[in-house]
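Got the viewer open? Here is a short tour, one selection at a time.

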2 protein chains.
Amino acid sequence: MNSDQNSPKSTHVGWIGTGVMGKWMCKHVMEAGYKVTVFTRTKSKAEELLAMGAAWAESPRDVASKSDLTFSMVGYPKDIRDTYFGENGILSGAKKNSIVVDMTTGPPSLAQEIFNEAKKREVHAVDAPVSGGDVGAREGKLSVMIGGEKQIAERLNTIFQLMGKTINYMGPAGAGQHTKMCNQVLLANTMLGVAESLVYGYKAGLNLEKVIAAIGSGAAGGWAINNLGPKMLQGDFDPGFFVEHFVKDLGIALEEARRTNLALPGLALVDQLYVSLLANGKGRLGTQALALALEQMNNVELRK
Amino acid sequence: MNSDQNSPKSTHVGWIGTGVMGKWMCKHVMEAGYKVTVFTRTKSKAEELLAMGAAWAESPRDVASKSDLTFSMVGYPKDIRDTYFGENGILSGAKKNSIVVDMTTGPPSLAQEIFNEAKKREVHAVDAPVSGGDVGAREGKLSVMIGGEKQIAERLNTIFQLMGKTINYMGPAGAGQHTKMCNQVLLANTMLGVAESLVYGYKAGLNLEKVIAAIGSGAAGGWAINNLGPKMLQGDFDPGFFVEHFVKDLGIALEEARRTNLALPGLALVDQLYVSLLANGKGRLGTQALALALEQMNNVELRK
């Protein structure tokens with residue numbers, strides 16, 4: 001496969017995992033004219049794509065055997081492992097010189113393992129997790145963080161641009177996942193700042209909409225206070241990104257940190273608060289539900 | 001004093017505290033044509049203002065007795081207390097119907113105490129802490145958060161606009177200080193996110209400038225990662241805002257929270273890390289020095 005072939009006419013694309021994110025990302029690729037073969041565990045979730053003309057395959061292996069370029073966007077680390085290393089997994093079917101791209105957020109060490117195993121089979125593996133949530137996926141405005149061989153990453157640039165507005169090559173295999181972890185470490189601590197700030201303001205009797213307006217554009221300001229802060233006040237916990245997936249990500253970051261003797265006390269604390277949301281059956285709410293943990297702890301309710 | 005009188009011609013302004021912030025704020029007021037009387041503990045720090053034509057007074061009491069509008073921008077809560085309640089303090093000298101404005105960041109409960117004591121003397125007190133640091137003060141781009149009587153706050157709008165670009169009336173006495181605390185609670189947690197994210201990325205072998213570029217504009221992004229993150233990487237710890245003043249602020253927020261039975265575990269953790277900077281003689285560095293606490297804890301150094 002040379003770079004000319006990475007065009008809609010000549011490139012067969014495989015897509016594995018058509019959930020809340022994957023469905024939209026795959027759709028953007030199809031809309032650009034690529035022929036796509038899909039597989040996802042629950043076939044009904046692929047119906048829209050099949051109706052658009054995608055071909056169905058019976059396994060990741062089957063998808064990969066028909067594709068020059070195979071993407072995966074699945075769930076937990078175990079799902080990634082099954083998708084790549086299982087009996088009917090991608091690597092058992094991938095063609096020589098094809099490219100396999102895992103866009104799931106997963107352990108950097110697993111991305112390296114996939115890369116090494118793929119290399120043995122003369123397959124190019126790339127880790128390319130994204131940030132931007134379901135809205136970013138729908139609007140094709142994700143941020144894509146890429147690890148793997150640079151010349152392979154460059155060949156993917158055109159197709160990544162169908163899904164994202166910020167495409168960053170970060171380094172060798174695993175570097176995309178590590179960058180995503182940097183994002184989650186920053187976001188987790190920031191979310192706690194947003195929740196604590198609003199609970200403090202509530203207890204002080206302040207008008208919290210005014211507080212967000214006053215502090216959201218200064219040195220403390222950022223995306224989270226301005227976008228998720230108002231949702232916390234409105235009690236709008238619809239998921240842009242599920243608590244249960246965030247807990248997965250924070251667990252990956254903590255495991256990687258522990259493996260390298262890295263103490264991250266803030267991350268460890270925020271992780272525990274998010275785990276307490278799981279304990280209360282709130283895993284399918286959005287990450288802004290962290291406010292509920294602070295409310296429960298303090299016996300207050302932000303919504304008037 | 002009616003609102004007409006709040007003009008440079010007819011309003012005598014007093015200014016107490018001409019440190020790194022107060023000097024610039026007072027200068028903007030003078031440049032608008034106000035006659036100003038100043039006092040500061042270390043007279044040499046007022047020299048520039050005196051050379052511009054400010055009058056010198058021997059005490060806060062002396063300043064207040066000559067002013068329709070007296071501003072204070074001092075240091076620690078003890079300094080605020082001395083400045084207002086001391087034998088030669090503002091309240092012993094303030095004229096009836098004059099306005100006194102404390103712009104120092106201090107305890108909300110102290111702001112309420114000043115307000116009540118002032119009221120007994122028929123003096124109007126306002127708390128109006130700011131955010132934006134020395135750069136914001138110099139450029140007249142502070143964010144001003146106001147507590148006190150609304151009609152008094154409105155009469156100050158013109159003069160606040162000389163110092164700040166965002167002027168927010170937040171509610172009764174203490175509400176300005178409480179809002180500043182919301183800002184600091186959010187900022188503190190965010191700073192820990194920035195430092196932990198970069199230390200994680202360092203340990204993972206990533207190019208940290210690229211990491212900031214990749215995550216700074218997404219859901220995790222904000223002012224701190226984009227402005228203080230690069231300084232952490234460069235080892236530039238010049239103070240925009242001193243660690244020792246931030247520790248003061250976090251202590252105020254924690255005390256207010258404890259007084260009202262409010263648990264803020266993230267804030268408590270970040271406070272301890274900033275206190276560890278004081279233990280290491282780093283109180284006069286900027287708040288971005290939090291990176292040094294994470295580096296020391298993890299035996300790494302971000303700067304190559």
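To compare copies, they are superposed by least squares on the C-alpha atoms of residues with pLDDT of at least 70 in both. Start with both chains on screen: chain A can be laid on chain B with an RMSD of 0.0 Å, using a turn of 180° and a shift of 0.0 Å along the axis. That is why the relation is one of a two-fold axis. Now pick G222(A): in chain A, its C-alpha is the one nearest the axis, 1.8 Å from it. The same surface serves both copies, as 98% of the contact residues of chain A recur in chain B.

A quick word on ground rules. This is a predicted model, where local features need pLDDT of at least 70 and side-chain atom pairs count only at pLDDT 80 or more, while totals for chains, interfaces and linings use all residues. Residues are numbered from 1 along each chain as its sequence is written, chains are lettered from A and ligands numbered from 1 in the order in which they are written, and side-chain values use heavy atoms, with hydrogens and water left out.

**Stop 1: where the chains meet**

Select the residues in contact (heavy atoms within 4.5 Å). You should get 56 residues of chain A against 56 residues of chain B. Between them the two chains bury about 4800 Å², 67% of it on carbon and sulfur atoms; buried area is the accessible area (1.4 Å probe) that two parts lose on being put together, summed over both.

Which elements of chain A should you colour? β9 (164–171), α10 (175–203), α11 (208–215), α12 (223–227), α14 (243–259), α15 (265–279) and α16 (290–298) of chain A each supply at least two residues of the side that touches chain B. Helices here (H or I, at least four residues) and strands (E, at least two) are DSSP runs, numbered from the N terminus. Put α10(A) in its own colour, since it gives the most to that side, with 20 residues.

How many salt bridges cross between chain A and chain B? The rule finds zero, a salt bridge being a side-chain nitrogen of Lys or Arg within 4 Å of a carboxyl oxygen of Asp or Glu.

**Stop 2: inside chain A**

Hide chain B and colour chain A by domain: domain 1 is 3–172 and domain 2 is 179–298, with bounds that come from an automatic or database domain assignment. Their centres, taken over C-alpha atoms, are 29 Å apart. At the join, 16 residues of domain 1 of chain A are in contact with twelve residues of domain 2 of chain A. These domains bury about 1100 Å² between them, 64% of it on carbon and sulfur atoms. Show Y76(A), T105(A) and M145(A) as sticks: in domain 1 of chain A they lose the most area to domain 2, together 40% of what that side buries. Between domain 1 and domain 2 of chain A, the salt bridge count is zero.

**Stop 3: a salt bridge in chain B**

The whole structure does hold 36 salt bridges over all chains. For one to look at, bring chain B back and zoom to K27(B) and E48(B), whose side chains meet in a salt bridge (2.5 Å, N to O). K27(B) is in helix α1 (residues 22–31) and E48(B) in helix α2 (residues 47–51) of chain B, so this pair, 21 residues apart, links distant parts of the chain.
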